[in-house]
Amino acid sequence: MAQTDKLVVRIERSHPDRWEEFHVERRPNANVISVLMQIQRNPVTADGKKTTPPAWDAACLEEVCGSCTMNINGKVRQACSALIDKLEQPIRLQPMKKFPLVRDLAVDRQKMFDALKRVQAWVPVDGTYDLGPGPRQASEEQEMRYVLSTCMTCGCCLEVCPQVSPSTKFIGAAAISQVRLFNSHPTGKMNAADRLHGLMGEGGVTDCGKAANCVTACPKGIPLTSSIAEMARETTKQALRDFFRRDERKGGGGPA
Amino acid sequence: MAERYIVVGGGLAGLMTVIKLAEAGKHVDVFSIVPVKRSHSVCAQGGINGAVNTKGEGDHPDIHVMDTLKGGDFLAEQPPVKGMCYAAPQIIYLLDRMGVPFNRTTEGLLDFRRFGGTLHHRTAFAGASTGQQLLYALDEQVRRYETEGLVRKFEYWEYLSFVRDEGGACRGIVAMNLRTMEIEAFPADAVCMATGGPGIVYGRSTNSTINTGSANGRSYMDGAIYANAEFVQVHPTAIPGEDKHRLMSESARGEGGRVWVPKEKGDKRSGKDIPEGERWYFLEERYPHYGNLVPRDVATREIFSVCRDMGMGIGGADQVYLDVSHIPAATLDRKLGGIMEIYEKFQGVDPRHEPMKIFPAVHYSMGGLWVDYEADSKGNLIPGSPRQQMTNIPGLYAAGECDYAYHGANRLGANSLLSCIYAGTIVGPAMISYAKNNAPKKGDVPSSLLDSSKAKWRERFEAIYKMDGSENPYVIGHEMGDLMIKSATVVKVNAQLDQALQQIEVFKDRWKKCNVLDTGRTVNQSAAYVNQLWNMLEIAHLILKASRLRDESRGSHYKPEFVLPKPTTKKPGDDPVFMAAWNARNEKWLKNSIGTWSESGPKVEFRDLSSLQNPILKPEPRHYD
């Protein structure tokens, strides 16, 4: 790509809906965030019109917080790690499309956090008081769990999923993979059934259409498709267990 | 009305505070400018310290106390440090029980690695994204309490100020919804600030964009004491960037990484082509005992001087090598994977095979809101005392990087995650005791007080929306950052600080001519920024003022005009001339700077440390040779 002095950046904006083009001085080591910062310092469009600085979410700028996720040249990713030298021009910035738009490049990803509630994505510890060391774990197990645990709830996996749309309820790969994370923890396992129940029913794991876009889009390389496959198996087994337990409970006259 | 508590900030300190309050059955409102899971704690990489002593090294919390106090050149009050170091092992165990995927030994125990300023393997870690993993664990526990109805989250809400009653006590906060721009007042029996550090005052740092220090700036303007503002840590190893400087964790050196420059000035070869014998490992040479793991202030000054004074930086530029390429790639992936990826992604070079190019960057504020403590005669904190972590404003607490309490003049690596979580564990119970015993009228905040506080802020923002001057606030912020980097980082010079103090006044004048850039009421980030910027200017002003007044060198605060002579003996204590100078310096300067706001500029006085009257550990000269 030819190195020119000016960068051409086109941003899909809201309030009101429009595209705006900006010409920005090219600086060494620039990324999409530093370009947005340049625009903040001089919010004037390519045709010389004053405008408002575009709104976007950002925080860590090193791809661990998930905030600055957006569509860059049609691909969903974090803006901080989108290096200008590796992008085709004009650079097109658009908000994520599978989440309610808030303004410009900022969207509302609350449904992802709600999904974590639905699947009870936590280890229910007894309390914060001193109960000594946690359970021993093999290194191999830790390494697998660590990868799953790097999910930053950025939403790339939902953005690329054909099963996710404003009219569908699919919970998405991120939350399903979190069930795998917690159900593989020696203590978390004790409540595996509760989490699997969270994956059953409407919008649950069976809504996955196996397009496998999620695993390619994940910036952290989380094995999302194998998480989905494993959780699909586990929910099936759980459904059978539920069926037989119900019979046991009836037979034994225990609590309903 | 039932008791209510407010926590401002959803990083490690804030979330641990929430957990302690909710665990006691209390109702908590947590306010955060981002979803709490995206807080800056995610950026912490290397690990969390605790003298668990599983490596047969005879480590002990007392040694952790000593390393921490000495690392901070004895400028921290001692009982909170003791409390923290003694609680550290059980905090790590608690996090382990919560499911943090800490790295393991072959027996399946927690693994520990080395970090700066200690000779022990004391740092538990989860790859090289330990902060992220710890934050997620606390976030999960808080979400659990949220489903139980004990916690309400106010995400994308920004703290504007605390609500103060006629008696001077804090009775709640005023906050603004950053999505809808609505401003509301919220009552509370006690409020804890956990809003992190002010890195963005320096423009580019290792901090997240959200670390403006704005909340602290406002509390300081409203009467809270801000202590030790002049102590800002510059981390030795970061990748310089256009938007931010990305941290390359100290754990790289903890796992054996080495810092060097070519022996030959201006050597044109690429790092990996320079043979071992032609590399100058200046830290190892100058500090044979601690080597690459000297404390951060020491490493930063050495790198700075090698580049700036000697012109020995790579290619004559401001950069040195941080080299892990001699460590097997599989080990690097397992223990340092997170930072290997960051370097590769942002620099396009694989650090497993080529030495990384790094330079120091602003990283952490040791200073912050002054907080109290209460200890017995042996220096043990009294559990549940309402004084723990309370600012000088009754009912207003602070925890985490936004307090000043644990790190003195320089923070040791992997002590920040610990201090955040520890402060959270003690501030929760303190707030509960305060509400129980000391709150003026529990659960009953006069609505007139809330209404007037809210009205004041609505007026202020209406005024901001009308600002239509010629100055772009982001440009002022950018220039403020450049000024702060130039005048208040690794090497401080009084003449330069005097100039900077004048310049900050100019920025304050320019602020009044700001253009708000956007008058809308949906995600108006520039209006919020105009308000933040003023608060940042106040913090910057205080950092400069306190830096100007402290005429000595201690920890991160270094003035070449005021440096102690080098001891002539191996142990500094054996050199009477050095010890006389050292004692004289401490007599004058072993004091906390106490910053209070005034209309005409910051007022700074220097106050003795109360715990030094009966110290747990007598101050001694720092040396790491």
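Two strands pair if DSSP finds at least two bridges between them. The exercises below apply this to a predicted model, which scores ipTM 0.96 and pTM 0.97.

**Exercise 1. Determine how strand 3 and strand 4 of chain A are joined, and place them in their sheet.**

Step 1. Begin with one residue: Thr69(A) stands opposite Gln78(A), which belongs to strand 4 of chain A.

Step 2. Count the bridges. Strand 3 (residues 69-72) and strand 4 of chain A are joined by 4 bridges. Since at least two bridges are required, the strands count as paired. Their directions are antiparallel.

Step 3. Extend the view to the sheet. In chain A, 5 strands form an open sheet in the order 2-1-5-3-4, and the pairing is mixed.

Step 4. Identify the edges. Strand 2 (18-25) and strand 4 (75-78) of chain A each have a single partner strand, so each has one side without a neighbour in the sheet.

Step 5. Add the twist. On average, and with direction ignored, neighbouring strands of this sheet are turned by 30° against each other.

**Exercise 2. Decide whether Val8(A) is buried, partly exposed or exposed, and describe its surroundings.**

Step 1. Locate the residue: Val8(A) is part of strand 1 (residues 6-13) of chain A.

Step 2. Apply the cut-offs. A residue is buried with 20 or more C-beta neighbours within 10 Å and exposed with 12 or fewer. Val8(A) has 14 inside 10 Å and is therefore partly exposed.

Step 3. List the contacts. Beyond the neighbours within four places in sequence, Val8(A) is in contact with Glu21(A), His23(A), Gln89(A), Pro90(A) and Ile91(A).

Step 4. Set a distance beside these contacts. Gly204(A) is 196 residues from Val8(A) along the chain, and their C-alpha atoms are separated by 42 Å. The C-alpha atoms of chain A fill a box of roughly 80 × 40 × 35 Å along the principal axes.

**Exercise 3. Explain why helix 1 of chain A is described as largely enclosed.**

Step 1. Orient the helix. Helix 1 (residues 32-41) of chain A lies across strand 1, strand 2, strand 3 and strand 5 (91-94) of chain A, and runs at about 95° to strand 2 of chain A.

Step 2. Count the buried residues. In helix 1 of chain A, 9 of the 10 residues are buried, so the rest of the structure largely encloses this helix. Among them are Val32(A), Leu36(A) and Gln40(A).

Step 3. Name the packing partners. The buried residues pack against strand 1, strand 2, strand 3 and strand 5 of chain A, together with helix 12 of chain B.

Step 4. Compare with the chain as a whole: 47% of the 256 residues of chain A count as buried.

**Exercise 4. Characterise the side of chain B that touches chain A.**

Step 1. Count the residues: 59 of chain B are in contact with 59 of chain A.

Step 2. Find the contributing helices. Several helices of chain B each supply at least two residues to this side, including helix 1 (12-23), helix 9 (329-347) and helix 12 (473-487). Helix 4 of chain B gives the most, with 8 residues.

Step 3. Sort by character. The residues on this side of chain B comprise 19 nonpolar, 22 polar and 18 charged.

Step 4. Check the confidence. Chain B averages a pLDDT of 96, and 99% of the residues score at least 70.

Methods
Residues numbered from 1 in each chain as written. Chains lettered and ligands numbered in written order. Predicted model: local features only at pLDDT ≥ 70, side-chain atom pairs only at ≥ 80, totals over all residues. pLDDT = per-residue confidence, 0-100. Contact = placed C-beta atoms within 7 Å. Nonpolar A, V, L, I, M, F, W, Y, C, P; charged D, E, K, R; others polar. Axes fitted to C-alpha atoms, helices over the stretch in contact; angles between N-to-C directions.
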